[in-house]
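Thanks, everyone, for making the time. I would like to walk through one model, starting from a single side chain and working outwards.

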Amino acid sequence: MTNWTPTKDSRIKKRDGVYWARFMKKGRRVEQSLDTQNFELAKRQVDDIEAKILVGRSWKKERELFNST
């Protein structure tokens, strides 16, 4: 079992040297790798993800569309 290391932002945890976001979306706990080792960059990414959730946009669908073009 991999251990999560807490950070000063409760939405962000560190695992194996990489930051991960842990938050709730539509009543489910979501964990997403932020693919960065920089805390400030991870915090900006989490803020962006939460903003998209609040306006009802699916970041995964956008990412799939972006990657397919």
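Let me begin with Ile 12, which, once residues up to four places away in sequence are set aside, touches Thr 7, Tyr 19, Trp 20, Phe 39, Ala 42, Lys 43 and Val 46. Please keep in mind throughout that this is a predicted model, and that the values I quote are computed from it.

Ile 12 also belongs to the largest nonpolar core, a set of ten residues in which it is joined by Tyr 19, Ala 21, Phe 23, Val 30, Leu 34, Phe 39, Ala 42, Val 46 and Ile 49. Strand E3 and helix H1 each supply at least two residues of this core, and the most comes from H1, which gives four. As general background, nonpolar side chains in soluble globular proteins tend to be buried together.

Stepping back to the overall layout, the protein chain has two helices and four strands, and along the sequence these follow the pattern β-β-β-β-α-α. Of the 69 residues in the chain, 29% are buried. Among contacts with a separation of 6 or more, 29% are between residues 24 or more positions apart. The chain exposes about 5,300 Å², and carbon and sulfur atoms supply 49% of that area.

Now to the beginning of the chain, where E1 and E2 run antiparallel and are joined by two bridges. The two strands form a hairpin with five residues between them, and Thr 5 stands opposite Lys 14 in E2. In the loop between E1 and E2 we find Asp 9. Is Asp 9 buried or exposed? Its relative accessibility is 9%, and because the cut-off for burial is under 20%, Asp 9 counts as buried. Leaving aside neighbours within four places in sequence, Asp 9 is in contact with Phe 39 and Lys 43, two residues that Ile 12 touches as well.

That brings me to the aromatic rings, and here the structure holds two aromatic pairs. One is formed by Trp 4 and Trp 20, edge-to-face, with 5.8 Å from centre to centre and 90 degrees between the planes. This pair links distant parts of the chain, given that Trp 4 lies in the segment before strand E1 and Trp 20 in strand E3, 16 residues apart. The two partners fall into separate burial classes: Trp 4 has a relative accessible area of 24% and is partly exposed, whereas Trp 20, at 18%, is buried.

The other pair is Tyr 19 with Phe 39, whose ring centres are 5.7 Å apart and whose planes stand at 65 degrees, so this pair is edge-to-face. It too links distant parts of the chain, with Tyr 19 in strand E3 and Phe 39 in helix H1, 20 residues apart. Both Tyr 19 and Phe 39 are buried, and both appear in the core I listed earlier.

Finally, which charged residue sits over the ring of Trp 20? It is Arg 15, whose charged end is 4.0 Å from the centre of that ring. For Trp 4, the residue over the face is Arg 22, at 4.4 Å from the ring centre. Taken together, then, Trp 4 and Trp 20 pair with each other edge-to-face, while Arg 22 lies over Trp 4 and Arg 15 over Trp 20.

Note on methods
Residues numbered from 1 in each chain as written. Predicted model: local features only at pLDDT ≥ 70, side-chain atom pairs only at ≥ 80, totals over all residues. Heavy atoms only, no water. Buried < 20%, exposed > 50% of the residue type's maximum accessible area, 1.4 Å probe, protein only. Contact = heavy atoms within 4.5 Å. Areas by Shrake-Rupley, 256 points an atom, 1.4 Å probe, with all protein chains shown as cover. Phe/Tyr/Trp six-rings, centres within 6.5 Å; stacked < 30°, edge-to-face > 60°. Lys NZ or Arg CZ within 6 Å of the ring centre and 35° of its normal. Pairing = 2+ DSSP bridges. Core = buried A, V, L, I, M, F, W, Y, C linked by side-chain atoms within 4.5 Å.
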